[in-house]
Amino acid sequence: MIEGSLAMTKKAAEWLDQAEYDMKTAKFLLKGGRHIYAVFMCHLSLEKALKGLHVHVLDTPPPKIHDLLYFVRKMSLDPPVDTLEFLTDLNEVSVVTRYPEDLRKIQAQFHKKRTADLLKRGQEALAWLAAKYSES
């Protein structure tokens, strides 16, 4: 949990704790060669961070959707260009990790290097989102 953010509600803090846990899980899955699920967990991590920020900023429960950009727009967030591009990319690629039609084909798409890059960018996006909790 973020230290020094006294105004953060318990519910918002729980969302962020789970987001951080899920990002660690994504890294663990990368090491184990489960690249598809590493990408899925990266998306889930950022989704939870955004949902917690939704609770923190808007003081309402987040909708049960998976669209990262919905939350960015809903809260009028202004992420750096590279973070916004990453969230857009992750939004698109995570659909195939959630609902794969051809396992071998998707395994070839998410090789170790690509997945490691996605997770690195995911960690950067998570850090940016975590900082937004203390700004609000």
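Student: Reading along the sequence, what pattern does the chain follow?
Tutor: Keep in mind that this is a predicted model. The chain has six helices and zero strands. Read from start to end, the pattern is α-α-α-α-α-α.

Student: What is the radius of gyration of the chain, and what does the globule rule give for 136 residues?
Tutor: Along the principal axes, the C-alpha atoms fill a box of roughly 45 × 25 × 25 Å. For 136 residues the globule rule gives 14 Å, and the chain comes close to that, so it is as compact as a globular protein of that length; its radius of gyration is 15 Å.

Student: Which element gives the largest share of the largest nonpolar core?
Tutor: That core has 40 residues, and among those touching the most other members are Leu46, Phe86 and Leu90. Elements giving two or more residues to this core are α1 (10–31), α2, α3, α4 and α6. The largest share is 11 residues, and it comes from α2.

Student: Leaving out residues up to four places away in sequence, which residues does Leu46 touch?
Tutor: Leu46 is one of the core residues that touch the most other members. With those sequence neighbours set aside, its partners are Met23, Leu68, Phe86, Leu87, Leu90, Gly122, Ala125, Leu126 and Leu129.

Student: How far does α4 reach from its first C-alpha to its last?
Tutor: Helix α4 covers residues 81–98. It has 18 residues, and at 1.5 Å a residue the expected reach is 26 Å. The model comes close to that, with a reach of 26 Å.

Student: Is Asn91 buried or exposed?
Tutor: Asn91 sits in α4. The cut-off for buried is under 20% relative accessible area. Asn91 has 14% relative accessibility, so it counts as buried.

Student: Which side chain does a polar contact of 2.7 Å join to that of Asn91?
Tutor: Leaving aside neighbours within four places in sequence, Asn91 is in contact with residues including His43, His66 and Leu68. The polar contact of 2.7 Å joins its side chain to that of Asp67.

Student: The structure holds one aromatic pair; how are the rings of Tyr70 and Phe71 arranged?
Tutor: Their centres are 5.2 Å apart. Planes over 60 degrees apart count as edge-to-face. Here the planes are at 85°, so the pair is edge-to-face.

Student: What does Phe71 count as, going by its relative accessibility?
Tutor: Its ring partner Tyr70 has 27% relative accessibility and counts as partly exposed. Phe71 is at 0%, so it counts as buried.

Technical notes:
Residues numbered from 1 in each chain as written. Predicted model: local features only at pLDDT ≥ 70, side-chain atom pairs only at ≥ 80, totals over all residues. Heavy atoms only, no water. Phe/Tyr/Trp six-rings, centres within 6.5 Å; stacked < 30°, edge-to-face > 60°. Buried < 20%, exposed > 50% of the residue type's maximum accessible area, 1.4 Å probe, protein only. Helix = DSSP H or I, 4+ residues; strand = E, 2+ residues; numbered from the N terminus. Polar contact = N/O pair within 3.5 Å; in protein donor to acceptor, adjacent residues only side chain to side chain. Contact = heavy atoms within 4.5 Å. Expected span 1.5 Å × (residues − 1). Core = buried A, V, L, I, M, F, W, Y, C linked by side-chain atoms within 4.5 Å. Rg over C-alpha atoms; globule rule 2.2 N^0.38 Å.
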